[in-house]
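Please look over the structure below before reading my comments, and keep it open while you go through the numbered points.

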Amino acid sequence: VARKGRVLCAGGPQRTATLRCRHARCADKPRKMSFSKVQMREFPVSDCTFSPSLCHIDLAAIRRNFGRMGKAEKLMPVIKSDAYGHGLLPVARVLSDAGARRFAVGTVSEGMALREAGLRQTIVPLLGALTDVEWQGAAMQGLTPVVGNFDQLERAAAHCHAGRILRVAIKCETGMGRLGFSQEELPQAIDRLRNIPGISPAMVISHFSCADVPEQEAYSQDQIKRFTAMSDALRTAFPDIERSLCNTAGTIGRPEGHFEVCRPGISLYGGNPFTGTSWEGKGAALGLEWAMSVSAPVIEVRQVAEGRSVSYGRLFTAQKPATVAVVAIGYATAFNRSLSTRAAMLINGRRAPQVGRVCMGMIMADVSDLPPVRVGDTAWLVGGPAEAGQKAVTPQDIADALGTISYEVLCLFGGMNPRVYA
């Protein structure tokens, strides 16, 4: 997004535009771009947004949630995928201030962004390094990439240079069925690790498949046993290696699987992994707070006569005279089209049902039963201030309506809307 300067779009003198990339690595680095003479006309550059909706991030809530998950020195907060849509660097900084000693990110690029921002903690890219360029970056920036197969192991070996230790996290497959060395492969992997100069296995990790499903208790216990056996074999060869198995659900519900390091994720942002299960109370007891709210302005208020319909497909027809507010958000900015007629929002502290088909950049709400709503009022699609007796919409409410999980809702809203921080 161009912040200042002018871009040439017609013949004229060369100008310079200062650009800011949305990518996490570039978030704090304006870059100058030169545009030579072209046969186009010149126009001024301004911030370009395609929706007036906003994502409001409460960093203090994230910090409090982190504190609820245990001692900081025992945790590796998961801030992958741009911190679940909350913003990689702002979240990392507030957790660093709260005492975080490690971070789990998704990619090497995210890890490098943290290094470039001055964060010196242990940083584990969970996808590992995917290219030679990423391996070079991981080695130069002192990251701890995940290694879970022999190809990755050989790539790691190729990037162990004289005088520099490359720390890695060894991934073990214990039941998720995605990534990691199997029990049968592990002895060969250990032998190879012993014979690579400059490589240091700093952590052994695995991942629960269904720790959030109480009915799968036996399967989760089997994963703990398998991980214990595999990590014991690694610790025999590398006594200082740390062990990490638990995600949020394991951290809350399975203390026998904590080992040295737990990896809370969704709980940092307010989500209870046990929602809808018999263990829901275990998460609720922590008092987790949602850290994201989403707002959009009311841009029109219309009187709809009885029998008249609203929006595409005529999903809503007024059964009596109605007042309908048009709100500037839609499926282009993560308010899913499947929410049509199935969602609600807060306007002036009170709930209003969404009516009619969700459009690309607009939705409608029936505000007939609310005090007068005016153009410029704020609609809160998630969170926001509620009057006594009213309840804000949560990411979990939207996830339930869509038949998905709150993780997806947060990532999409946070990725598609400008963020403001409190």
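The points below take up the nonpolar cores, a pair of helices and two residues in loops.

1. This is a predicted model, and I would begin with its largest nonpolar core, which has 111 residues. The residues with the most contacts inside this core are Ile79, Leu95, Leu114, Leu234 and Phe413, while helix 3, residues 88-97, gives the most to the core, with six residues.

2. Leu95 can serve as an example of such contacts: leaving aside residues up to four places away in sequence, Leu95 touches Ile62, Phe66, Pro77, Ile79, Ala100, Phe103 and Leu268. Apart from the largest core lies another core, of ten residues, which include Ala322, Val326, Val355 and Met364.

3. The axes of helix 3 and helix 4, the latter spanning residues 108-116, come within 10 Å and cross at roughly 60°, and the two helices are therefore oblique to each other. Their crossing is right-handed. Where they meet, Leu88, Leu89 and Ala92 belong to helix 3, and Glu110, Ala113 and Leu114 belong to helix 4; by class, this contact has five nonpolar residues, no polar residues and one charged residue.

4. Ser311, which lies in the loop between strand 13 (309-310) and strand 14 (316-317), has a phi near 70°, a positive value in a residue other than glycine. Ser311 is partly exposed, with a relative accessible area of 27%.

5. Ala334 is not a glycine either, yet Ala334 has a positive phi of about 85°, and this residue lies in the loop between strand 15 (322-327) and strand 16 (344-347). Is Ala334 buried or exposed? With a relative accessible area of 17%, Ala334 is buried, because buried means under 20%.

Note on methods. Residues numbered from 1 in each chain as written. Predicted model: local features only at pLDDT ≥ 70, side-chain atom pairs only at ≥ 80, totals over all residues. Heavy atoms only, no water. Core = buried A, V, L, I, M, F, W, Y, C linked by side-chain atoms within 4.5 Å. Buried < 20%, exposed > 50% of the residue type's maximum accessible area, 1.4 Å probe, protein only. Helix = DSSP H or I, 4+ residues; strand = E, 2+ residues; numbered from the N terminus. Contact = heavy atoms within 4.5 Å. Axes fitted to C-alpha atoms, helices over the stretch in contact; angles between N-to-C directions. Parallel < 35°, antiparallel > 145°, perpendicular 65-115°, else oblique. Left-handed = near helix turned anticlockwise from the far one by under 90°. Nonpolar A, V, L, I, M, F, W, Y, C, P; charged D, E, K, R; others polar.
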